[in-house]
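Subject: Structure handover

Hello,

Here is the structure I promised to pass on. Please open it alongside this note. My findings follow below.

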Amino acid sequence: MDRTSKYRRIVIKAGSNVLTRDDGRPDTTRISSLVDQIARLHRAGIEVILVSSGAVASGRSVLEQRTGRIDTVSARQLFSAVGQVKLLNRYYDLFNEYGIVCGQVLTTKESLSTRRQYLNQRNCMEVMLANGVIPIVNENDTISVTELMFTDNDELSGLVAAMMQAEALIILSNIDGIYDGSPSDPSSQVIRRVKPSEDLSRYIDPARSSRGRGGMATKSRISSRVAGEGIEVIIANGRRDNILTALALTGEEVLCTRFEPAPHTASGVKMWIASSEGFAKGVLRIDEGAAAAVRASKAASILAVGVTAVEGDFERDDLVRILSPDGTQLAVGRISCDSETARRNIGRKGLKPLVHCDYLYLE
């Protein structure tokens with residue numbers, strides 16, 4: 001029996017550069033190693049949610065020689081449709097060797113846009129975990145082909161970690177973490193710890209990886225955001241042997257970048273608002289006095305008296321963005337009335353908040 005971990009629940013994100021070979025085909029040895037390590041964590045009593053890339057690569061390995069001329073979007077749909085089956089079958093067979101059951105959870109960014117759908121997905125994975133089933137999560141690339149796609153699986157893993165109130169998110173990449181210079185420069189060092197709200201932008205190379213949709217800039221942005229919600233984030237090299245067991249079980253010193261969690265966790269509602277802000281249906285512009293109150297206090301609500309303009313058409317409980325007089329976004333919140341009522345009440349005193357502080361996520 002492995003020793004007790006400090007984690008009760010973790011989310012592991014395995015990227016394309018970890019799960020594929022240099023030729024872009026699935027790395028079966030690496031996938032098998034990943035399953036071996038997750039099985040040890042599972043046996044130690046850790047609830048694991050795996051956000052796995054690799055479906056498109058798996059499908060491409062089957063179909064690349066058969067497809068004729070096909071546009072990029074259609075190719076992604078085709079490869080994903082075939083690859084999801086192949087990838088899940090591989091995971092299923094590998095986990096089954098340990099007597100562990102895994103299940104697939106396919107999602108889209110739009111499916112997180114309403115509180116009900118968000119809770120439905122969370123409840124699904126809670127039931128899986130309660131019954132010892134490991135959720136394997138991926139974006140449904142067969143239908144996510146527009147601007148509504150996740151940036152990449154880094155973004156998806158961050159949303160899942162917040163949704164499931166994990167203690168840690170481990171992002172496995174093909175390098176050891178975030179460097180203070182170019183990773184190819186021998187003098188560069190891995191940044192071992194990042195404090196809450198620490199800005200790493202001067203260290204980040206904006207270039208994306210060759211196979212994934214994102215890059216280290218995305219990893220840093222998502223990691224900072226998730227850590228700000230009270231979840232530890234670790235960026236580590238998924239190609240190192242036994243990296244997961246070292247991070248979560250044995251306590252070995254591991255070369256990686258750790259984002260320290262903020263001391264106060266966000267509520268479940270605010271985590272949903274943060275994850276769904278891209279689906280805001282409208283805008284409330286507020287005056288300088290109201291903006292100052294929002295900046296100064298986490299307990300400030302948006303009152304009609306401080307609103308100067310209402311933009312967009314929305315219904316009660318939709319998400320709206322809160323903008324300062326200069327157009328800077330201050331927050332995202334759940335509105336308590338429809339757009340017609342909000343416009344009618346602009347500048348009025350003594351009314352209930354348009355957005356209560358309990359449903360306001362500050363940027």
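Start with Asn 153. Its relative accessibility is 8%, so Asn 153 counts as buried, the cut-off being under 20%. Keep in mind that this is a predicted model.

Asn 153 belongs to helix 6, which covers residues 153-163. What does the side chain of Asn 153 make a polar contact with? The partner is the side chain of Ser 53, at 3.0 Å. Setting aside neighbours within four places in sequence, Asn 153 also touches other residues. Among its contacts are Lys 13, Val 51 and Ser 52. Asn 138 and Glu 139 are on that list too.

Now the sheet. It is open and has 5 strands. Their order is 10-9-11-12-13, with mixed pairing. Which strands are at the edges? They are strand 10 (307-311) and strand 13 (360-362), and each pairs on one side only. On average, neighbouring strands of this sheet are turned by 25° against each other, direction ignored.

Look next at strand 9, residues 282-286. Strand 9 and strand 10 run antiparallel, and 4 bridges join them. For one place to check, take Val 283: its bridge partner in strand 10 is Glu 311. In general, strands of a sheet pair through backbone hydrogen bonds, either parallel or antiparallel.

Last, helix 10. This helix spans residues 288-296 and lies across strand 9, strand 12 (329-334) and strand 13. Helix 10 runs at about 105° to strand 9.

Over to you.

Best wishes

How values were computed
Residues numbered from 1 in each chain as written. Predicted model: local features only at pLDDT ≥ 70, side-chain atom pairs only at ≥ 80, totals over all residues. Heavy atoms only, no water. Pairing = 2+ DSSP bridges. Helix = DSSP H or I, 4+ residues; strand = E, 2+ residues; numbered from the N terminus. Axes fitted to C-alpha atoms, helices over the stretch in contact; angles between N-to-C directions. Contact = heavy atoms within 4.5 Å. Buried < 20%, exposed > 50% of the residue type's maximum accessible area, 1.4 Å probe, protein only. Polar contact = N/O pair within 3.5 Å; in protein donor to acceptor, adjacent residues only side chain to side chain.
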